[in-house]
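Could you take me around this structure stop by stop, telling me what to select in the viewer and what I should find there?

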Amino acid sequence: MTEAEEHWDLEIKPTSSLFDLKLKDVWHYRDLLLLLVRRDFVSFYKQTVLGPIWFFVQPIITILVYNLIFSNLAGIKTDSIPGPVFYLAGTIIWNYFAECLTKTSTVFKDNSAMLGKVYFPRLIMPLSIVLSNLVRFGVQFILFILLIGYYLIAGYPIAPNAYLLLFPLLIIIIAALGLGCGMIISAVTTKYRDLSFVVSFGVPLLMYTTTVIYPLSEVVKKYSSYSWLIKYNPLTAIIEAFRYGFLGKGSFSWDLLLYSAIFTIVILLTGIVVFNKVEKTFVDTI
Amino acid sequence: MGKAIKVENLSKAYQLGDFGTGTISRDLERYWARIRGKEDPFLKIGETNDRTAQGTSDVVWSLKDINFEIEQGDAVGIIGRNGAGKSTLLKILSRVTSPTTGSVKIKGRIASLLEVGTGFHPELTGRENIFLNGAILGMRKAEIKRKFDEIVAFAGVERYIDTPVKRYSSGMYVRLAFAVAAHLESEILIVDEVLAVGDAEFQKKCLGKMGDISKGEGRTVLFVSHNMDAVATLTSKSIYLSNGQLKLYDTTPATIRNYLTSAVREQGIYTAHPRSDRPNITRVEVKVSEINGTHLNGEDLYINIDVNMPLIVEGMALSLQILNENDIPVIYTYVFDVEQPILRKTGINSMQCIIPNCKLYANIYYLIVHLAETKGRTKFEQIERICEFEVSMPNKIIEWGWQKNVCVYTENFLWKKLSDSNI
């Protein structure tokens, strides 16, 4: 037997390269990815009377409350866009990001029972989270389109334009940003749980640092010296571009969008590296 | 035939103790040592995984320098005591965790069954769970579809296939889960004690299926179990792990014999620090009849128990159970203060329980000790699974005579010949 030339399909070693994503493995497990997404979607409304309608209830109530408090009570301007559709644009984008981030950040902890018993490419788990939430986002997006239709027919000053073609790109950036941040946090929290506390109260607060409940133009007008803080939140450019494309109002800027994209790529790459490093031995520490 | 698995110098270290404050500084220290190319300061060499001995560092080697090769089509059993490193080895082979050093080379698809029903979602129906679980185990959707009817028939749950599995009986649940796993198509199958589930009839069916897989279909099987009968029926070769080291890799009968008669027994003495707030057991020792830690059936067995009393408590009660390897309690005995004054002084009180002519049958036994107080019915302590010891029969012949698990206790008996003319 020629020992040296023997062919092995798989070699298990202590370490491997940082960027080895095992994408071939992920591709092999693509059915699992889809089944996990389906599981999340189906188990969400099992044994409920209203079923998938629950996907609409949360955003509707949220925008009604926002409209009442921020628009009517606090009198924050909305770029002359009707309140509900203005808030809905911000919330669905923000929710998608926040859900991707928080769910990914606890992915090891939530699935430790399963991950401790069976091997499959760990990347499948965060990817399934991003896709599951994309389904939710899609459902809420339908609500958004319906609302735009209503306001267009009613003759409100909203003007969808060619910039809405950027929509797929925006979604990719949000998903990648949420995924990247989540993976970094998940990697750290397997050993040090501290960060998960920061996430649980920090993420809702973070919403106020981006333009979900107010337009960028208002910030620039009122606090011009601090507006950079809001501007350099990578989500601001996305939400503003999204509003500009679908509603025709907002502060669109190629520069800021490019900044967001680069920021996202850096975060995503960092996330992948740390996730890769942690996934191999997290079972021992979690 | 070629090799299916080749394990070279495989080691795995675990860190003992709690993670928490102080881990960051320790991690930084390790990281710093690594970039300077020095040896990891926390992985000191030379400590074996002996859980009864107090080690000097808080890193323990669960596996140490394991080397073996498995030929294609072999069925290999892995045996050893609890904590010998069996599960760690399986976890590394199934890629759930990585080794600390060394490597494993594998030829062909590998599927592992460390648990049945991993990823089952209670809200989903049987049908949906078959697909999900199959996918988790690495099957493609088309593959599951092709085998779907076979899986359902094997599990015997046709009527319930569109009912959420949370409404299944636990037996049905396990049957369905095993059925999915049994229909995996992989060249190498790794199985951890999944046979310890379900009723006897289903267990037999599982064993049959496992036998088909290894013998009929010519696949490589690695099988971990405490059930020596199952190992003996299913495998031809076995690996005996002891304290993280490979002790023997030989034919299954030879390995099992070595395992069962292994002379070096762990010194089963339980110790604990005395508490200042409440009574506790500080030491338990089983005094066996032979020097190497085995007890001979029919000899007196002594159990010494030290109890620390920080203050006087009236109505103390001390009891103990002796359980065998199959978790069956064989002996129970107690002593109550109300019947016979015990534990009446502060500080350490030493007690001894004597079982004259103890006739426990050949097996491995351990103790559960209870410490309580009868007036207020407070239970102070229940110490589980301590002081393991082995009982062997006098004039022991392994293959013949005293077979394993034929009973749990023997009695005095006499055989005599009745006169032939009486018939």
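Here is a tour that starts with each chain as a whole and then moves to single elements and residues. Keep in mind throughout that this is a predicted model.

**Stop 1: chain A as a whole**

Select chain A and colour it by secondary structure. You should find 14 helices and one strand. Its C-alpha trace spans about 80 × 50 × 40 Å along the principal axes. Of the 286 residues in chain A, 39% are buried. If you look at contacts with a separation of 6 or more in this chain, 80% of them are between residues 24 or more positions apart.

**Stop 2: helix H4 and the core around it**

Next, select residues 83–105 of chain A, which form helix H4. H4(A) has 23 residues, and its first and last C-alpha atoms are 32 Å apart, close to the 33 Å expected at 1.5 Å a residue. Is the helix mostly covered, or mostly open? It is mostly covered, with 19 of its 23 residues buried.

Now show side chains for Ala89(A), Ile93(A) and Ile238(A). In the largest nonpolar core, which has 136 residues, these three touch the most other members. H4(A) gives the most to this core, with 12 residues. In soluble globular proteins, nonpolar side chains tend to be buried together.

Stay on Ile93(A) for a moment. Setting aside residues up to four places away in sequence, Ile93(A) touches Ile174(A), Ile238(A), Ile239(A) and Phe242(A). Another core lies apart from the one you are looking at: it has 25 residues, including Ile281(B), Ala317(B), Leu318(B) and Leu320(B).

**Stop 3: where the chains meet**

Bring chain B into view and select the residues on both sides of the contact. Chain A puts in 26 residues and chain B 34 residues. On the side of chain A that touches chain B, the elements giving two or more residues are strand S1 (10–12), helix H2 (30–45) and helix H14 (282–285). H2(A) supplies the largest share of that side, six residues. Colour the same side by class and you will find 12 nonpolar, four polar and 10 charged residues.

Then zoom in on S1(A). Three bridges join S1(A) to strand S4 (residues 101–106) of chain B, and the two run antiparallel. Which residue in S4(B) stands opposite Glu11(A)? Select Lys105(B) to see that partner.

**Stop 4: chain B as a whole**

Hide chain A and look at chain B alone. Its secondary structure comes to eight helices and 18 strands. Buried residues account for 34% of its 423 residues. Colour 72–261 as domain 1 and 269–392 as domain 2. The C-alpha centres of domain 1 and domain 2 of chain B lie 38 Å apart.

**Stop 5: strand S5 and helix H5**

Select residues 110–113 of chain B, strand S5. Ile110(B) and Ser112(B) point one way from S5(B), Ala111(B) and Leu113(B) point the other way, and all are buried. Strand S6 (residues 188–192) of chain B runs parallel to S5(B), and four bridges join them. Opposite Leu113(B) in S6(B) is Val191(B).

From there, go to residues 170–182 of chain B, helix H5. At 1.5 Å a residue, its 13 residues should span 18 Å, and its end C-alpha atoms are 18 Å apart, which agrees. H5(B) is mostly covered, as 10 of its 13 residues are buried. Among them are Tyr173(B), Arg175(B) and Phe178(B).

**Stop 6: strands S11, S13 and S16**

Select residues 280–287 and 301–309 of chain B. These are strands S11 and S13, which run antiparallel and are joined by seven bridges. Asn280(B) has Asn308(B) as its bridge partner in S13(B). Add residues 347–355, strand S16 of chain B: S13(B) and S16(B) pair in the antiparallel sense over nine bridges. Here the bridge partner of Val307(B) in S16(B) is Asn349(B).

**Stop 7: Pro279(B)**

Finish on Pro279(B), in the loop between strand S10 (269–271) and S11 of chain B. Is Pro279(B) buried or exposed? Pro279(B) is buried, because 25 other C-beta atoms lie within 10 Å and 20 or more count as buried. Leaving aside neighbours within four places in sequence, the contacts of Pro279(B) include Val307(B), Met309(B), Leu371(B) and Phe380(B). Pro310(B) is another contact; its C-alpha is 6.1 Å from that of Pro279(B), although the two are 31 residues apart in sequence.

How values were computed:
Residues are numbered from 1 along each chain as its sequence is written. Chains are lettered from A and ligands numbered from 1 in the order in which they are written. This is a predicted model: local features need pLDDT of at least 70, side-chain atom pairs count only at pLDDT 80 or more; totals for chains, interfaces and linings use all residues. Domain bounds come from an automatic or database domain assignment. A residue is buried if 20 or more other C-beta atoms lie within 10 Å of its own, exposed if 12 or fewer, and partly exposed in between; C-beta atoms are placed from the backbone. A nonpolar core is a set of buried Ala, Val, Leu, Ile, Met, Phe, Trp, Tyr and Cys residues joined through C-beta atoms within 7 Å. Two residues are in contact if their C-beta atoms, placed from the backbone, lie within 7 Å. Ala, Val, Leu, Ile, Met, Phe, Trp, Tyr, Cys and Pro count as nonpolar, Asp, Glu, Lys and Arg as charged, and the others, Gly among them, as polar. Two strands pair if DSSP finds at least two bridges between them. The expected span of a helix is 1.5 Å times one less than its number of residues.
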